[in-house]
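Biologist: Got a minute to go through this one with me? Let's put it on screen first.
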Amino acid sequence: SSSESEEDKKKKKKKDEKKDKKKGEKKDKKKDKKKDKKKDKKAAKKAKKEAEHEEKKHKKEEKKGKKEEKKAKKEVEEDEKKEKKDVKKEVEKDEKKETKETKKARKEVEEEEKKDEKKDKKQDKKAKKSSMKEEMKRHKKAMKD
């Protein structure tokens, strides 16, 4: 009888071990599920963070692009302004040069005209003198006759 109870004990022990094992497995499964859930949550959080980071990066790049576009536009406008200024300066320089040359030419023309006038006056004087001589000759001749 005692040996039978010993066997019963063994059987019971085995049964209990099996039960415990099953319980343990169930517990482990539950733990694993929890772990997996945590892992999934963590992964989702990480993915969300990465997505936000990408979004931020994209926005930053967009902003940078817009900034660069604005900068480029400004540079183009400044270049155009400078070009306009340079052209204006060049035109003014040319005009000044032209006026200088014009003044010089006008002066030369005026000097020529003065010379011509003097010549004309001299010739007029000569002509007057010779016509007066002629007049005198005529007068003398008339007096003789």
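Modeller: One term before we start. Exposed means over 50% relative accessible area, buried means under 20%, and partly exposed lies in between. Also, this is a predicted model.

Biologist: Fine. Is Lys-82 buried or exposed, then?
Modeller: Lys-82 is exposed, because its relative accessibility is 52% and the cut-off is over 50%.

Biologist: What does the Lys-82 side chain meet?
Modeller: Asp-86. The two side chains form a salt bridge, 3.8 Å from N to O. Asp-86 itself is partly exposed, at 40% relative accessible area.

Biologist: Why can those two pair up along the chain?
Modeller: Lys-82 and Asp-86 sit four residues apart in helix H1, so about one helical turn separates them. Helix H1 covers residues 2-144.

Biologist: How many salt bridges are there in the whole structure?
Modeller: Two, from a search of the whole structure. Besides the Lys-82 pair, Arg-138 bridges to Glu-135.

Biologist: What's the distance in that Arg-138 bridge?
Modeller: The closest N and O atoms of Arg-138 and Glu-135 are 3.6 Å apart. These two are three residues apart in helix H1, again about one helical turn.

Biologist: And how open are Arg-138 and Glu-135?
Modeller: Arg-138 is exposed, at 52%. Glu-135 is partly exposed, at 47%.

Biologist: Switching topic. What secondary structure does the chain have?
Modeller: One helix and zero strands. The radius of gyration is 61 Å, well over the 15 Å that the globule rule gives for 145 residues, so the chain is more spread out than a compact globule.

Biologist: What box do the C-alpha atoms fill?
Modeller: Roughly 210 × 15 × 10 Å, along the principal axes.

Biologist: What share of the residues is buried?
Modeller: 0% of the 145 residues. The accessible surface comes to about 16,900 Å², and carbon and sulfur atoms account for 52% of that.

Biologist: Now charge. How many positive and negative side chains are there?
Modeller: There are 71 positive and 45 negative side chains. The centres of the two sets lie 6 Å apart.

Biologist: Which residues gather in the negative surface patch?
Modeller: Glu-108, Glu-110, Glu-111, Glu-112, Glu-113, Asp-116, Glu-117, Asp-120 and Asp-124.

Biologist: Take Glu-108. Where does that residue lie?
Modeller: Glu-108 is in helix H1. With 46% relative accessibility, Glu-108 counts as partly exposed.

Methods:
Residues numbered from 1 in each chain as written. Predicted model: local features only at pLDDT ≥ 70, side-chain atom pairs only at ≥ 80, totals over all residues. Heavy atoms only, no water. Salt bridge = Lys/Arg side-chain N within 4 Å of Asp/Glu carboxyl O. Buried < 20%, exposed > 50% of the residue type's maximum accessible area, 1.4 Å probe, protein only. Rg over C-alpha atoms; globule rule 2.2 N^0.38 Å. Areas by Shrake-Rupley, 256 points an atom, 1.4 Å probe, with all protein chains shown as cover. Lys, Arg positive; Asp, Glu negative; His and termini not counted. Charge placed at Lys NZ, Arg CZ, Asp CG, Glu CD. Patch = residues over 30% accessible without salt bridge, like charges linked within 9 Å, V, L, I, M, F, W, Y side chains within 5 Å.
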